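Reader: I'm new to this one. Could you walk me through it, one question at a time?

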Amino acid sequence: MDMVPMQLTVWNPMTGCRTEMRAPVDYHSQRAAVACAVSGCDHRACHEGPFRAVFVSLGYGDGGCVANAHVSLPELGEWSKDCSTLDLEADDASIVDKASVFIQDAFYFMLTYDYDEDEDDDDDDDNDDDVDEIVILKYDLASNALSLLVVPPVEAGLACDAILMAMEDGSLGFAYVDRLVLNLWSRQMGSSGAAAWSQRRVIDLKELLPIQNQKKRIRLIGSVECHDIIFVTTDVGIYEINIKSLEWKKLWKRENYRALFPYMSFYNAQGDWNRLLAPECYRSQSAAVLCTVSGCDHRTCRDGPFRVVFVALDKENGGCVAYECMSSLETGEQSDPDRHLTHHWNIMSYGLDHLADDAHIERMPHVLIEDALYFMLAYLDDDRVAILKYDLGSKCLSLIDAPLVETDIACATILMGTDDGSLGFACVDGLTLNLWSRQMASDGVPAWTQRVFINLKELLPIQNPKQSLIPIGSVEGSDIIFLNSLDLGIYEINLKSLQWKKIWKAEKFRALFPYMSFHNPPEKRELL
């Protein structure tokens, strides 16, 4: 009887757009990956297509198990002819149910050679059959060819505890856990021109994480591409670990997840949206969106209900006055984009007076810290800065002095949410980056403390000492900042480890809003 090929769904979690397509073949083990069809793209910052799907499958040939690969046309409708099959020289093999990795125009999948041996597993929560050998299947997009790579030395039965990674330096990584010890290898090009594995890190997880039952199995379930960040599931929850700095944090309660796919992207969303007219027209204004769920930290909410906080400055009685109001719109439904919603605002409240006449709200990302929003103010006459605070609990506005009183710094400063939960203030002076954080002092009064002083000339590949670097954004709670140079491009810098990388070509960006999220919509949880 002929087998009916399985149905595939290409899904964009940001826009919700789904494309259905039928698999080219149906074999006993198969996996798929998506890449854009634009020549020269790195397939990480593309969102609207055109896309191609790569379908890899294992079947049975005359001499045993063979691998096949197909690539769809850009329209995601028809499939190309399969490449030459690859004889795996094994009676039975399967593709491990983990994320594939894309590095330098090639996809990598982890395979296991399966045997009939059954071994007891002391972990009553995990009943997976042990396997004896792991290999890596490589599919090269340019040559349309499959090949096999040998993995680093690893004991039998660890396929469920191993993952492939795209390392921060662009190399292929292989990580596995053996007896609560995390081993990390990377595949580097040697002096002879041949690629070889080298061990990068050995981390004792029982010394690092709060593991309660050391007999429980720890599994690696995912990573963040090119960030050296890995995700593990333990007996108490899911943890994120930076394998360079060894910093970690708990992300989620314990779930029986097989794989975790973090969605990290810089995206100009074109999906569902509501349109609200501002309550009035003011000389300077800004807005922020928050969910209305009590106790939410407003960073992992996606489905609503939402509210908008509107802050504005205007002249009155010879001076400048700050106002605020909050929308009463509490819906996650999409509004008609042609219908302006004007009746959903609460009454505009008189907030803060005695501001300088030339004050205005900078068009930079605001920051949410402990139920308060912070906006950067600047003064037109001398480019000084100050901070406008809106307390969501008391619904009050107040003014905070910046740690610097110098002039001509407005374009070189941003606010940040630092990794310890405090308000951060970053300023670039020439080629020097300074970071302050606002901490509670011993007398109970918040005060600024300088945390970081970085000579960017010694850190970044700056050739022109007169080069101007402008901070344009940050990742909340991560001590990661983005700097823009019109000559060099946009750089991401970790202020703790001082690791950096170029993420974009030179553009005249005034502000950058990174979108980093773990998205698991309720109706799709069964797919994980």
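Reader: How many bridges join strand S35 to strand S36?

Author: Keep in mind that this is a predicted model. Strand S35 covers residues 480–485 and strand S36 covers residues 489–494, and they run antiparallel. One pairing to look at starts from Ile 480, whose bridge partner in S36 is Asn 494. The number of bridges joining S35 to S36 is six.

Reader: Which strands stand at the edges of the sheet?

Author: Go by the order, which is S34-S35-S36-S37 in an open sheet of four strands with antiparallel pairing. The strands at the two ends each have a single partner strand, so one side of each is left without a neighbour in the sheet. The edge strands are S34 (470–475) and S37 (500–504).

Reader: What does the twist average from one strand to the next?

Author: Stay with the open sheet of four strands, S34-S35-S36-S37. Going from one strand to the next, the average twist is 30°.

Reader: Leu 460 caught my eye. Is Leu 460 buried or exposed?

Author: Leu 460 sits in the loop between helix H2 (456–459) and S34. Buried means under 20% relative accessible area. Leu 460 has 5% relative accessibility, so it counts as buried.

Reader: How far apart in space are Leu 460 and Trp 500?

Author: Along the sequence, these two are 40 residues apart. Going C-alpha to C-alpha, the distance in space between Leu 460 and Trp 500 is 7.9 Å.

Reader: Any empty space inside? How much space lies in the largest cavity?

Author: Rolling a probe the size of a water molecule over the atoms shows where empty space is left. Counting cavities of 30 Å³ or more, the structure holds one. The space in the largest cavity is about 50 Å³.

Reader: Which strand gives the largest share of the lining of that largest cavity?

Author: The lining includes Ile 95, Lys 98, Tyr 108, Phe 109, Met 110 and Leu 164. By type, the lining residues divide into seven nonpolar, one polar and one charged. The largest share is three residues, and they come from strand S9 (residues 106–113).

Reader: How many disulfides does the structure hold?

Author: A disulfide is a covalent bond between the sulfur atoms of two cysteines. Two cysteines to look at are Cys 65, which counts as buried at 0% relative accessibility, and Cys 325, which counts as buried at 1%. As for disulfides, the number in the structure is zero.

Conventions. Residues numbered from 1 in each chain as written. Predicted model: local features only at pLDDT ≥ 70, side-chain atom pairs only at ≥ 80, totals over all residues. Heavy atoms only, no water. Pairing = 2+ DSSP bridges. Axes fitted to C-alpha atoms, helices over the stretch in contact; angles between N-to-C directions. 1 Å grid on protein atoms, 1.4 Å probe; cavity = no way out; pocket = protein on both sides within 12 Å on 5 of 7 lines; lining within 4 Å. Points joined across faces, edges and corners; volume = space filled by probe spheres on them. Nonpolar A, V, L, I, M, F, W, Y, C, P; charged D, E, K, R; others polar. Disulfide = S-S within 2.5 Å. Buried < 20%, exposed > 50% of the residue type's maximum accessible area, 1.4 Å probe, protein only.
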